[in-house]
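Here are some exercises on how helices and strands pack together. Have the viewer open and try each task before reading its solution.

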Amino acid sequence: MFTPPPIARERLPALLAAMPKAELHIHIEGSLEPEVIFALAQRNGVALPYADVEALRRAYAFSDLQSFLDIYYAGASVLLHEQDFYDMARAYLAQAAMDNVAHAEVFFDPQTHTARGVSMETVVRGLHRACVDARAELGISSSLILCFLRHLSEEDAFATLEQAMPLLEHIVGVGLDSSELGHPPEKFARVFARCRQLGLRLVAHAGEEGPPAFIWSALDVLRVERIDHGVQAVHDAALMRRLAQDRIALTVCPLSNLKLRVFPELSQHNLKRLLDAGLAATVNSDDPAYFGGYINENFTQVFAAVPQLTAHDAWQLAHNSFAASFAPEGQRRAWQDRLVECFEAHARA
Ligand code: HPA
Ligand SMILES: [Zn+2]
């Protein structure tokens with residue numbers, strides 16, 4: 001295993017920005033900037049319950065997950081045509097490439113669109129075309145993860161899977177998002193079992209606001225390979241041992257946790273504690289347009305707020321992101337080599 005050379009703390013921000021990384025927790029609808037929401041509303045003749053961009057921005061004062069989701073779904077209502085989905089994903093991938101993201105696994109919430117009469121095909125074709133073009137034009141690799149909305153029924157999730165069947169070649173896996181409290185993972189046991197049979201990779205949000213029991217059932221009932229957020233795991237010592245032993249990645253989102261008041265201050269974030277316990281934590285942006293920053297902003301702000309985080313932690317987080325990605329083994333190895341080269345070049349400079 002590579003041990004990164006010592007790098008002075010003041011040089012960490014440049015290293016965090018420059019290091020190649022994978023982003024494994026980004027909701028593409030959460031990348032819609034307020035200006036883009038208003039431009040799309042105008043382009044598509046959709047009325048918004050906000051007078052202007054400033055009024056929308058002022059509404060971004062969240063008290064918890066649900067207060068955010070209400071605004072997030074309102075923002076997504078401006079997306080109607082394949083080109084809208086293309087433009088949204090292409091803009092995110094351009095930003096991610098600037099943050100030295102080599103690979104992104106992008107969540108999308110089809111039920112938020114199909115409920116408004118937009119077809120699954122419109123959504124997936126637009127997103128997929130953006131992934132293809134971004135690869136050719138920017139060199140960034142990406143894949144799509146379809147998320148089921150957990151506040152809806154399992155029957156609705158099955159209907160959504162049925163609509164996605166002709167498009168599965170463009171989808172690497174499925175996830176579970178939206179309101180966590182009151183909607184435990186086991187509500188979706190049958191649909192996740194079916195997705196597994198279909199060869200889809202499995203992830204789920206668990207332990208963002210919900211209890212450690214939800215992380216246990218995501219692992220043991222849904223049989224997911226990664227946990228999205230998972231920061232509540234620290235309240236269960238046996239769960240911490242399980243996550244460490246099985247190298248289950250946690251896709252942690254520091255600025256999201258701050259804005260949704262999972263932690264009162266970024267300085268109290270438990271990222272360092274997760275790493276020190278041997279968990280395969282990663283850093284991600286969740287909904288960057290709503291939470292105040294893309295992936296590099298998440299890295300730089302959490303490292304600034306938690307002085308115990310070191311260059312070794314930076315390398316570990318980026319290493320974990322590639323190791324936990326669903327990209328082919330040879331590709332993951334090539335990214336890990338680039339990561340090592342980046343650290344060696346920074347140590348020499
Ligand atoms: O952070 C989140 N949690 C749950 N659902 C979501 N949908 C978008 N972002 C989130
Ligand atoms: Zn999320």
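The exercises below start with the sheet and then turn to the helices; keep in mind that this is a predicted model.

**Exercise 1. The sheet**

Task: Find in what order the 8 strands form the open sheet, and which strands are at its edges.

Solution:
- Step 1. Following the sheet across, you should read β1-β2-β3-β4-β5-β6-β7-β8, with parallel pairing.
- Step 2. Look for strands that pair on one side only: these are β1 (21–27) and β8 (280–283), the edge strands.
- Step 3. Now check the twist. Neighbouring strands are turned against each other by 25° on average, direction ignored.

**Exercise 2. One edge pairing**

Task: Work out over how many bridges β7 and β8 pair, and find the bridge partner of T251 in β8.

Solution:
- Step 1. As a reminder, strands of a sheet pair through backbone hydrogen bonds, either parallel or antiparallel.
- Step 2. Strand β7 (residues 249–252) pairs with β8 in the parallel sense, over 4 bridges.
- Step 3. Tracing across from T251 brings you to T282 in β8, its bridge partner.

**Exercise 3. Helices on the sheet**

Task: Decide which strands α5 and α15 lie across.

Solution:
- Step 1. Helix α5 lies across β1, β2 (101–108) and β3 (141–149), and runs at about 150° to β2.
- Step 2. Helix α15 (residues 295–305) lies across β1, β2 and β8, running at about 115° to β8.

**Exercise 4. α5 against α7**

Task: Describe how helix α5 (residues 82–98) and helix α7 (residues 120–138) cross, and what kinds of residues meet there.

Solution:
- Step 1. The two axes come within 7 Å and cross at roughly 35°.
- Step 2. For the hand, α5 passes α7 in a right-handed crossing.
- Step 3. From α5, the contact includes F85, Y86, A89 and L93; from α7, it includes V123, L127, A130 and C131.
- Step 4. Sorting the residues of this contact gives 12 nonpolar, 3 polar and 6 charged.

**Exercise 5. α16 against α17**

Task: Is helix α16 (residues 311–323) roughly parallel or roughly antiparallel to helix α17 (residues 329–348)?

Solution:
- Step 1. The axes come within 9 Å and cross at roughly 165°.
- Step 2. Angles over 145 degrees count as roughly antiparallel, so α16 is roughly antiparallel to α17.
- Step 3. The crossing of α16 past α17 is right-handed.
- Step 4. W315, A318, H319, F322 and A323 of α16 meet R332, W335, Q336, L339 and F343 of α17.
- Step 5. By type, the residues of this contact divide into 7 nonpolar, 2 polar and 1 charged.

Technical notes: Residues numbered from 1 in each chain as written. Chains lettered and ligands numbered in written order. Predicted model: local features only at pLDDT ≥ 70, side-chain atom pairs only at ≥ 80, totals over all residues. Axes fitted to C-alpha atoms, helices over the stretch in contact; angles between N-to-C directions. Helix = DSSP H or I, 4+ residues; strand = E, 2+ residues; numbered from the N terminus. Left-handed = near helix turned anticlockwise from the far one by under 90°. Contact = placed C-beta atoms within 7 Å. Nonpolar A, V, L, I, M, F, W, Y, C, P; charged D, E, K, R; others polar. Parallel < 35°, antiparallel > 145°, perpendicular 65-115°, else oblique. Pairing = 2+ DSSP bridges.
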